[in-house]
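The exercises below concern charged side-chain pairs and one helix. Please examine the model before reading the solutions.

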Amino acid sequence: MNALNVAEYMQTLGLQAREASARMAAATAAEKNAVLRSLAALLRKSVATLAADNAKDIERAVAAGLSAPMVDRLKLTPKIIETLAVGCEQLAAMADIVGEISGLQQQPSGIRVGRMRVPLGVFGMIYESRPNVTIEAASLSIKSGNACVLRGGSEAIDSNKALARLVQQALAEGGLPAEAVQIVQTTDREAVGQLIAMPQYVDVIIPRGGKSLIERISRDAKVPVIKHLDGNCHTYVDDPCDVDMAVRVADNAKTQKYSPCNASEGLLVARGVAKDFLPRIAAVFAAKGVEMRCDAEGRDILRDYPTAAATEQDWSEEYLAPIISIKVVAGLDEAIAHINRYSSHHTDAILTRDHMHAQRFLREVDSASVMVNTSTRFADGFEYGLGAEIGISTDKFHARGPVGIEGLTSLKWVVLGNGELRS
């Protein structure tokens with residue numbers, strides 16, 4: 001496809017999505033739920049054919065020399081497909097919030113004023129690697145009454161096309177427009193440039209991938225973007241705290257999985273508990289091969305363990321690897337100040353026995369998710385009971401934190417009257 005053909009193709013996808021969005025907004029809960037259950041059944045029936053298409057992507061990725069972790073992200077195993085099917089069924093079982101009217105109050109004039117939850121319309125999503133995201137995005141789009149245009153990574157093109165065919169089959173069989181979920185069929189990068197510059201068709205863009213992708217989308221998009229650039233999350237060990245619990249939680253927050261955006265990258269420790277806590281967590285990290293980059297005070301306490309000197313850059317770094325920055329702080333005030341300066345405003349946690357400290361941390365830390373006495377790894381749409389998520393937003397407008405059904409909707413004012421006139 002040349003640039004002109006790509007532009008025409010993307011305009012066609014945009015127009016079809018806009019037209020489909022009107023029908024999706026009017027779809028009943030029963031219609032949407034039936035499509036989701038049908039999609040779950042189709043996924044289970046198509047394990048073998050999906051494996052064949054997925055194998056093409058895997059073969060190309062290996063031939064291209066992609067790293068083992070990247071190849072692993074491409075895999076559509078029977079277990080992953082079953083998880084996707086269960087996710088569709090869970091969404092179908094959830095209450096439908098579209099059309100709900102909240103806060104209805106009668107005014108002195110006699111009118112009643114409230115707000116109704118409505119779909120955003122059309123969203124475009126740009127994502128890398130994992131083909132399972134295609135089903136997660138499609139199912140959330142259907143449940144929330146939106147239409148979407150999905151542009152997955154070129155490395156997963158055959159898997160994404162195969163999954164999109166199942167989604168469109170489920171939509172058509174359920175009496176809803178197949179064009180409500182469209183996958184961009186070309187790997188030409190110009191398609192991304194077109195998708196993010198069609199405000200007449202697309203209401204919001206959701207990028208899900210590396211920092212460079214999200215920075216590019218944020219810079220060049222002509223429609224609003226729901227984004228997060230970094231996942232520099234912190235765990236703060238307060239004085240007083242339950243040290244046994246703090247060791248377990250800090251370990252989980254860092255080492256349960258290194259690559260997600262909600263893994264803790266920074267560990268702050270109150271001076272009053274540092275000499276008790278730090279050697280214990282250092283023993284855990286050292287045994288697991290986690291590199292510890294510490295401030296001078298932390299290194300002094302941990303002189304019996306292998307550590308490196310932290311630089312200023314370390315306080316802002318999202319490692320996505322077995323590396324953690326460690327800083328000893330005077331107490332709560334310094335911890336909050338450090339987090340608000342260096343964190344990416346994604347997820348930050350306090351481990352404490354002091355209720356007032358916990359309340360101050362919840363109020364004053366400026367992040368999308370703020371936690372008390374638990375692991376930052378819980379910052380996830382499924383763990384929050386959203387059914388699924390389309391991503392995590394560190395923006396402050398509209399959607400913040402894990403973006404589920406509610407994040408793909410908006411509110412409009414509704415006014416109910418009985419002939420009242422304004423005097």
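Three exercises follow, each with a worked solution.

The structure is a predicted model, in which local features require pLDDT of at least 70 and side-chain atom pairs count only at pLDDT 80 or more, while totals for chains, interfaces and linings use all residues. Residues are numbered from 1 along each chain as its sequence is written, and side-chain values use heavy atoms, with hydrogens and water left out.

**Exercise 1.** Determine how Arg360 and Glu364 are placed relative to each other in helix α14.

*Solution.* Begin with the contact: the two side chains, Arg360 and Glu364, form a salt bridge with an N to O distance of 2.8 Å. The term denotes a side-chain nitrogen of Lys or Arg within 4 Å of a carboxyl oxygen of Asp or Glu. Next, locate the pair: because Arg360 and Glu364 are four residues apart in helix α14 (residues 355-364), about one helical turn separates them. Helices are DSSP runs (H or I, at least four residues), numbered from the N terminus. In general, an α-helix has 3.6 residues a turn, so residues three or four places apart point the same way. Finally, consider accessibility: Arg360 is partly exposed at 26%, and Glu364 is partly exposed at 33%. Partly exposed lies between buried (under 20% relative accessible area) and exposed (over 50%), with a 1.4 Å probe and protein chains only.

**Exercise 2.** Which parts of the chain does the salt bridge of Arg280 and Asp244 link?

*Solution.* The closest N and O atoms of Arg280 and Asp244 are 2.6 Å apart. This pair connects distant parts of the chain, since Arg280 belongs to helix α11 (residues 271-287) and Asp244 to helix α10 (residues 243-255), 36 residues apart. Arg280 is partly exposed, with 37% relative accessibility, and Asp244 is likewise partly exposed, at 41%. For context, a search of the whole structure yields 25 salt bridges, and a network of them joins Arg44, Glu82 and Glu89.

**Exercise 3.** Compare the expected and modelled spans of helix α6, and decide whether the helix is largely enclosed or not.

*Solution.* The expected span is 1.5 Å times one less than the number of residues. For the 12 residues of α6 (residues 132-143) this gives 16 Å, and the end C-alpha atoms lie 17 Å apart, which agrees. As for burial, 11 of the 12 residues are buried, so α6 is largely enclosed by the rest of the structure. Among the buried residues are Asn132, Ile135, Leu140 and Lys143. Just after α6, Gly145 adopts a positive phi of about 75°.

Note on methods: Helices (H or I, at least four residues) and strands (E, at least two) are DSSP runs, numbered from the N terminus.
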